[in-house]
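I opened this model to work through its fold, its cores, its cavity and a handful of single residues. The entries below are in the order I looked things up.

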Amino acid sequence: MKKSFRPNEKSVFILIGNHDQPLMDIALARKVSLALGSDHHVTMTRKSVYPIPPPVTAGDVVFVVDNDPKSNPVQESLDILSKNILEKSHNRVSLAVYPEGMLPYTGGQMPMTVKEGAFVIARKMAHQLSQQGVSVYLVRMKTNIIEHLTSADVTPARVMMESIERVPETAIDRSRPDEWIERNRLQAENSFNSHRGKTQIDIFNLDKVPYSKIPLSIEIRACSKVFVL
């Protein structure tokens, strides 16, 4: 995977993933960042989930703090990444965001909604660094942790990089819908929900959700890199 990028190319990777097992998410994203050759890794997470920076993460933790007007995790993430890629001798840095948010305590929501914040960060990062020769990539990773934990058969836990796409450098025009953000948000939502079903609970109807694959409405070009943990 590292060979897919030029050795001297300065790059920022925005990693997004499905939220199947929160306790493993940070460690999994760190493994993917290392596989991509990241010199510095940042994780964005809610402070209510991890009150202190977890020891498995090498790098920074940006906390999302609800109802705090001083909290600006998007700008904080941009500042940390910019500093590391521009002021330090780092060629590659990465940020992990789980755009489905928190899993409800009462059971898995089906389907889960992918929010657009991670994609907005990617676009702002690409626009901000476009004049410094830094490329920004959106990396979608997906784990099979639900299947690993619930399958009657022995199923190895895996994380796969499904797609890597260079992020457009143009500024976001908030006066109109952004096709790139919505396309990638929808791709991620379809992909992350496609394996959910009989192991999930519909928290609104309090009933088992029949197992079925959600058809992808947009073609996804898959990457071949798979990590077996």
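The notes go from the whole chain to the cores, the cavity and then individual residues.

**Entry 1: overall fold**

I noted at the start that this is a predicted model. I counted secondary structure and got five helices and nine strands. Reading along the sequence, I wrote the pattern down as β-α-β-β-α-β-α-β-α-β-α-β-β-β. I then checked burial: 48% of the 229 residues count as buried. For contacts with a separation of 6 or more, I found that 71% are between residues 24 or more positions apart.

**Entry 2: nonpolar cores**

Which residues have the most contacts inside the largest nonpolar core? I listed V12, I14, L81, L95 and F119, in a core of 30 residues. I then looked up where the core residues come from, and at least two each are supplied by β1 (10-17), β2 (40-46), α2 (73-86), β4 (92-97), α3 (117-129), β5 (134-143) and α5. Helix α3 gives the most, with eight residues. I also found a second, separate core of 13 residues, which includes A96, Y98, M161 and I164.

I took V12 from the larger list and looked up its contacts. Not counting residues up to four places away in sequence, V12 touches L81, I85, V93, M125, L129, V134, S135, V136 and Y137. L81 is on the list of residues with the most contacts in the largest core, as is V12.

**Entry 3: cavity**

How many cavities of 30 Å³ or more does a search of the whole structure find? I got one. I recorded a volume of about 40 Å³ for the largest cavity. I16, L138, R140, S163, E165, N184 and A188 line this cavity. By type, I sorted the lining residues into three nonpolar, two polar and two charged. Strands β5 and β6 (158-166) and helix α5 each supply at least two residues of the lining.

**Entry 4: W180**

I picked W180, which sits in helix α5 (residues 179-193). Is W180 buried or exposed? With a relative accessible area of 5%, W180 is below the 20% cut-off, so I entered W180 as buried.

Next I listed its contacts, leaving aside neighbours within four places in sequence: F119, A122, R123, L138, E165, R166, V167 and P168. One of these, F119, is among the residues with the most contacts inside the largest core. Two others, L138 and E165, are also in the lining of the largest cavity. The side chains of W180 and E165 are joined by a polar contact of 2.8 Å. For V167, I noted a C-alpha to C-alpha distance of 8.6 Å from W180, at 13 residues apart in sequence.

**Entry 5: S135**

S135 came up among the contacts of V12, and I placed S135 in strand β5. S135 has a relative accessible area of 3% and is therefore buried. Outside its neighbours within four places in sequence, S135 is in contact with E9, K10, S11, V12 and R166. I found a polar contact of 3.2 Å between the side chains of S135 and R166. R166 is also on the contact list of W180.

**Entry 6: G37 and S38**

Both residues are in the loop between α1 (22-35) and β2, S38 by one lookup and G37 by another. I compared their accessibility. S38 is buried at 8% relative accessible area, whereas G37 counts as partly exposed at 22%.

What lies 2.9 Å from a polar atom of the S38 side chain? I found the backbone oxygen of H40 there. Apart from neighbours within four places in sequence, S38 is in contact with S33, R92, V93 and S94. V93 is on the contact list of V12 too.

For G37, I checked the distance to S11, which is 26 residues away along the chain; their C-alpha atoms are separated by 9.9 Å.

**Entry 7: E147**

I ended on E147, in helix α4 (residues 145-150). Its relative accessible area is 43%, so I entered E147 as partly exposed. E147 and R158 are eleven residues apart along the chain, with 10.0 Å between their C-alpha atoms.

Key
Residues numbered from 1 in each chain as written. Predicted model: local features only at pLDDT ≥ 70, side-chain atom pairs only at ≥ 80, totals over all residues. Heavy atoms only, no water. Helix = DSSP H or I, 4+ residues; strand = E, 2+ residues; numbered from the N terminus. Buried < 20%, exposed > 50% of the residue type's maximum accessible area, 1.4 Å probe, protein only. Contact = heavy atoms within 4.5 Å. Polar contact = N/O pair within 3.5 Å; in protein donor to acceptor, adjacent residues only side chain to side chain. Core = buried A, V, L, I, M, F, W, Y, C linked by side-chain atoms within 4.5 Å. 1 Å grid on protein atoms, 1.4 Å probe; cavity = no way out; pocket = protein on both sides within 12 Å on 5 of 7 lines; lining within 4 Å. Points joined across faces, edges and corners; volume = space filled by probe spheres on them. Nonpolar A, V, L, I, M, F, W, Y, C, P; charged D, E, K, R; others polar.
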